[in-house]
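The following paragraphs guide a reader through the architecture of a single protein chain. Please keep the sequence and the structure in view while reading.

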Amino acid sequence: MYKLNGVENSPILEIRGLKKHFPLRRSISSIFGKKHFAQAVNDVSFNLYKGETYGLVGESGCGKSTTGRTILRLTEPTEGEAIFREKDIFKIKSGNELKEIRKKMQMVFQDPYNSLNPRKRVGQILEESLIIHSIGDKKHRAQIVLEILEKVGLSVDHYYRYPHEFSGGQRQRIGLARALVVNPNIIIFDEPVSALDVSIQSQIINLLNKIQMEENLTYLFISHDMSVIKYMSDRVGVMYLGKLVEEGTNEDIFHNPVHPYTQSLLSAVPVPSPHFKKERIILKGDLPSPINPPSGCSFHTRCPYAKDICQEAVPEYKWVSKGHRAACHLAN
């Protein structure tokens, strides 16, 4: 159980031992003498609770987006479970049953232009979801779409326009409208504001918060921007090289981080004051390859505090306080 705004909550979605390994091309595998895989996501577990925003953060290539896409089975998982309404999404084989699940779990993509069909008007794009899920007749579908457009801050005349006629912020509103039109319980956001100007980012973020409060939605918010994650999230999971290395409440992660990787991410966040000098934690080396990850703790090759045990043993993902856990040999 988890308390959100003082109210006990049960998980709406449980992710258990999620793995996604991509097989390499035969020519690359032959270099190593056997078949190899890129371990994009490697044993990730977390819960989502109704009405909360769970922020998933980490540098590019850590497996954040793959995690979100695999949960919805836009890419098929290698191993693991995703329990939604007492059903394991990964074991569903019926196309109709999977379609019903996707009706309740939607995704907003990073690129608001490439995720929209340039040949269709906005009204057609939004009505397509309603047609697929057999919701309403033609007149009712048009009414639903117009109401959703108004909810995301667009007007009636936008119904008849094509995606290329909109700005980046407006396109992202259309992407949000497409997710909302089927009345979901969970929305997965994959870097939804990273391609937008800062002023537009704030408008979209405030819109997301407003809609979440009105509809009591659950968000999985994927981003590499710690400032956005801090503003949006109730709880935060920090990913490194396909694994969750720390998880806790917003307060835990931003005021009491225990994993050196989380500390380094926070040290890179700019401070809006010329009089305050922040001490940066500079990580040495590059992100290791997911094809051949380091032994022991995957972060030990870049960690400024690494000990011998960090190279030899995989750290236990343990609780350091109530609701706060980390995978680090040095965590108390």
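In this predicted model, Arg16 stands opposite Glu81, a residue of strand S6. The two strands concerned are S3 and S6, the latter covering residues 79–84, and they pair in the antiparallel sense over 5 bridges. S3 also has a partner in strand S4: residues 11–23 of S3 and residues 37–49 of S4 run antiparallel and are joined by 10 bridges. Within that pairing, Leu13 has Leu48 of S4 as its bridge partner. In general, the strands of a sheet pair through backbone hydrogen bonds, and they may do so in a parallel or an antiparallel manner.

These strands belong to a chain that contains 11 helices and 14 strands. The chain has a radius of gyration of 21 Å, close to the 20 Å given by the globule rule for 332 residues, and it is therefore as compact as a globular protein of that length. Measured out along the principal axes, its C-alpha trace spans about 70 × 55 × 40 Å.

Attention may now turn to another sheet. An open sheet is formed by 8 strands, arranged in the order S8-S9-S10-S5-S11-S12-S14-S13, and its pairing is mixed. Its edge strands are S8 (105–108) and S13 (317–321), each of which pairs on one side only. From one strand to the next, the twist averages 20°.

Parallel pairing occurs in this sheet between S9, residues 186–190, and S10, residues 218–223, which are linked by 5 bridges. Here Phe189 has Phe221 in S10 as its bridge partner. Helix H2, formed by residues 64–71, lies across S5 (53–57), S8, S9, S10 and S11 (235–240), and it runs at about 145° to S10. Helix H3, formed by residues 95–104, likewise packs on the sheet, where it touches S8 and S9; the direction of H3 makes about 60° with that of S8.

The helices also pack on one another, and helix H4 offers two instances for study. What is the angle between H4 and H5? Helix H4 (residues 122–132) and helix H5 (residues 138–151) pack at about 120°, and their axes lie 9 Å apart. Angles over 145 degrees would count as roughly antiparallel and those from 65 to 115 as roughly perpendicular, so H4 and H5 are oblique to each other. The crossing in which H4 passes H5 is right-handed. On the H4 side the contact involves Val122, Gly123, Leu126, Glu127, Leu130 and Ile131, which meet Arg141, Ala142, Ile144, Val145 and Leu149 of H5. Sorted by class, this contact comprises 8 nonpolar, 1 polar and 2 charged residues.

The second partner of H4 is helix H6, residues 168–180. These two helices pack at an angle of about 25°, with a distance of 8 Å between their axes. An angle under 35 degrees counts as roughly parallel, and H4 and H6 are therefore roughly parallel to each other. Their crossing, too, is right-handed. Val122, Ile125, Leu126 and Ser129 of H4 make the contact together with Ile174, Ala177 and Arg178 of H6. By class, the contact between H4 and H6 has 5 nonpolar, 1 polar and 1 charged residues. Val122 and Leu126 of H4 thus appear in the contact with H5 and also in the contact with H6.

Terms used:
Residues numbered from 1 in each chain as written. Predicted model: local features only at pLDDT ≥ 70, side-chain atom pairs only at ≥ 80, totals over all residues. Heavy atoms only, no water. Axes fitted to C-alpha atoms, helices over the stretch in contact; angles between N-to-C directions. Helix = DSSP H or I, 4+ residues; strand = E, 2+ residues; numbered from the N terminus. Left-handed = near helix turned anticlockwise from the far one by under 90°. Contact = heavy atoms within 4.5 Å. Nonpolar A, V, L, I, M, F, W, Y, C, P; charged D, E, K, R; others polar. Pairing = 2+ DSSP bridges. Rg over C-alpha atoms; globule rule 2.2 N^0.38 Å.
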